[in-house]
Amino acid sequence: MKRYKIVIQYDGGAYHGWQKQPHQPATVQAAVESAAARVTGTATSVTASGRTDEGVHALGQTAHFDSAKDLPPERYVAALNHWLPGDIRVVSCEEVPQAFDARKSAKRKTYAYRMYTGAVENPLRRTRELFVGPVDVGRMDECARLFVGVHDFSAFMSSGSSAKTTVREVFSSSVAEEGCSVVFRITGSGFLYNMVRIMAGALVRVGKGYSDGSEIARALENGDRTLVPDIAPPQALYLEKVEYI
């Protein structure tokens with residue numbers, strides 16, 4: 001039995017998140033495990049670095065599975081993609097030690113929340129980015145840096161989380177123009193339920209001039225969820241990268 005690490009990209013628009021659900025077959029995990037079973041010839045559990053919610057995309061989701069079928073890693077890439085739907089793709093595969101765990105071994109995760117400006121919403125971008133209209137990107141970037149460090153992020157978590165602690169470390173956080181987009185990118189040790197989307201919602205309020213950012217600082221200090229009430233929609237959120245070293 002060997003363990004394999006795979007990196008997966010997917011368009012989350014048609015799926016109810018990563019994690020399998022008893023009464024909801026359309027999940028990314030269910031699709032990947034179905035493909036893995038076809039390739040290995042037996043039921044195969046696939047463990048990801050973490051859940052992504054309904055509608056959220058991934059450019060670098062990482063997962064692992066065990067298989068007794070001794071195929072070269074590059075063959076696994078081709079074989080899995082043969083059975084996967086077109087909106088999910090395995091982009092790499094490598095053999096790893098049995099001690100590797102895609103979830104428990106993860107050290108850093110990077111998410112990007114993609115927005116765009118302009119006078120009118122673009123119908124071709126509405127399932128990939130959030131239309132925000134004119135915003136002050138510099139001020140958004142200043143406020144995004146408030147998230148850096150070790151904080152109790154309880155104010156930036158939706159109810160329903162099973163997290164044992166709300167303390168997380170954020171290594172970098174910024175907002176910048178990238179081509180025709182405005183991107184909020186954040187790297188941290190881990191993220192709470194809806195944490196990045198709540199942060200994005202708070203930053204949009206700053207960019208639009210509805211807030212001076214003081215609510216973000218106070219929410220970090222006192223955990224008051226009412227100070228940052230907005231949750232940005234999921235279709236503009238991307239899991240970009242998971243790091244293990």
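# A tour of two helix pairs and four single residues

Start with asparagine 194, which is buried because its relative accessible area is 11%, under the 20% cut-off. The model is a predicted one. Asparagine 194 sits in the loop that joins strand E9 (181-188) to H4. Check its backbone: phi is near 65°, a positive value in a residue that is not glycine. Most residues other than glycine have a negative phi.

**Stop 1: helix H4**

Move along the chain from this loop into H4 and select residues 195-207. H4 has 13 residues, and from its first C-alpha to its last it reaches 18 Å, close to the 18 Å expected at 1.5 Å a residue.

How many of the 13 residues of H4 are buried? Twelve of them are, and H4 is mostly covered. Colour the buried ones: Met195, Val196, Arg197, Ile198, Met199, Ala200, Gly201, Ala202, Leu203, Val204, Val206 and Gly207. After H4 comes glycine 209, with a positive phi near 85°.

**Stop 2: H3 against H4**

Keep H4 on screen and add helix H3, residues 137-144. Two packed helices are described by the angle between their axes and the distance between the axes. For H3 and H4 the angle is about 140° and the axes are 8 Å apart. That angle makes H3 oblique to H4, because only angles over 145 degrees count as roughly antiparallel. The crossing of H3 and H4 is right-handed.

Now show side chains where H3 and H4 meet. H3 supplies Arg139, Met140, Cys143 and Ala144 to the contact, and H4 supplies Leu203, Val204, Val206 and Gly207. Sorted by class, the contact of H3 with H4 has six nonpolar residues, one polar and one charged.

**Stop 3: valine 148**

Select valine 148, in the loop between H3 and strand E7 (149-152). Is valine 148 buried or exposed? Valine 148 counts as partly exposed, because its relative accessibility of 36% falls between the cut-offs of 20% and 50%.

Draw a distance from valine 148 to serine 173. The two are 25 residues apart along the chain, and their C-alpha atoms are separated by 6.2 Å. Setting aside neighbours within four places in sequence, valine 148 is in contact with Val170, Phe171, Ser172 and Ser173.

**Stop 4: helix H1**

Go back towards the start of the chain and select H1, residues 28-40. At 1.5 Å a residue, the 13 residues of H1 should span 18 Å, and the C-alpha atoms at its ends are 18 Å apart, which agrees.

Which residues of H1 are buried? They are Val28, Gln29, Ala31, Val32, Glu33, Ala35, Ala36, Val39 and Thr40. An α-helix has 3.6 residues a turn, so residues three or four places apart point the same way. To see what the buried residues of H1 pack against, show strand E1 (2-10), strand E3 (57-67), H2 and strand E4 (88-96). Just after H1 is glycine 41, with a positive phi near 85°.

**Stop 5: H1 against H2**

Add helix H2, residues 73-83. H1 and H2 pack at about 120°, and their axes lie 8 Å apart. H1 is therefore oblique to H2. The crossing of this pair, H1 and H2, is right-handed.

From H1, pick Ala35, Ala36, Arg38, Val39 and Thr40; from H2, pick Tyr76, Ala79, Leu80 and Trp83. These residues make the contact. By class, the contact of H1 with H2 has seven nonpolar residues, one polar and one charged.

**Stop 6: serine 67 and valine 90**

Two strand residues end the tour.

Serine 67 is in strand E3. Serine 67 counts as buried because its relative accessibility is 3%. Leaving out residues up to four places away in sequence, serine 67 touches Met1, Lys2, Tyr4, Thr40 and Tyr76. Serine 67 and alanine 37 are 30 residues apart in sequence, and their C-alpha atoms are 9.6 Å apart.

Valine 90 is in strand E4. Valine 90 also counts as buried, at 3% relative accessibility. Beyond residues up to four places away in sequence, valine 90 touches Ile6, Val7, Ile8, Val77, Leu80, Asn81 and Leu84. For a last distance, select glutamine 61: valine 90 is 29 residues from it in sequence and 9.4 Å from it in space, C-alpha to C-alpha.

Key:
Residues numbered from 1 in each chain as written. Predicted model: local features only at pLDDT ≥ 70, side-chain atom pairs only at ≥ 80, totals over all residues. Heavy atoms only, no water. Axes fitted to C-alpha atoms, helices over the stretch in contact; angles between N-to-C directions. Helix = DSSP H or I, 4+ residues; strand = E, 2+ residues; numbered from the N terminus. Parallel < 35°, antiparallel > 145°, perpendicular 65-115°, else oblique. Left-handed = near helix turned anticlockwise from the far one by under 90°. Contact = heavy atoms within 4.5 Å. Nonpolar A, V, L, I, M, F, W, Y, C, P; charged D, E, K, R; others polar. Expected span 1.5 Å × (residues − 1). Buried < 20%, exposed > 50% of the residue type's maximum accessible area, 1.4 Å probe, protein only.
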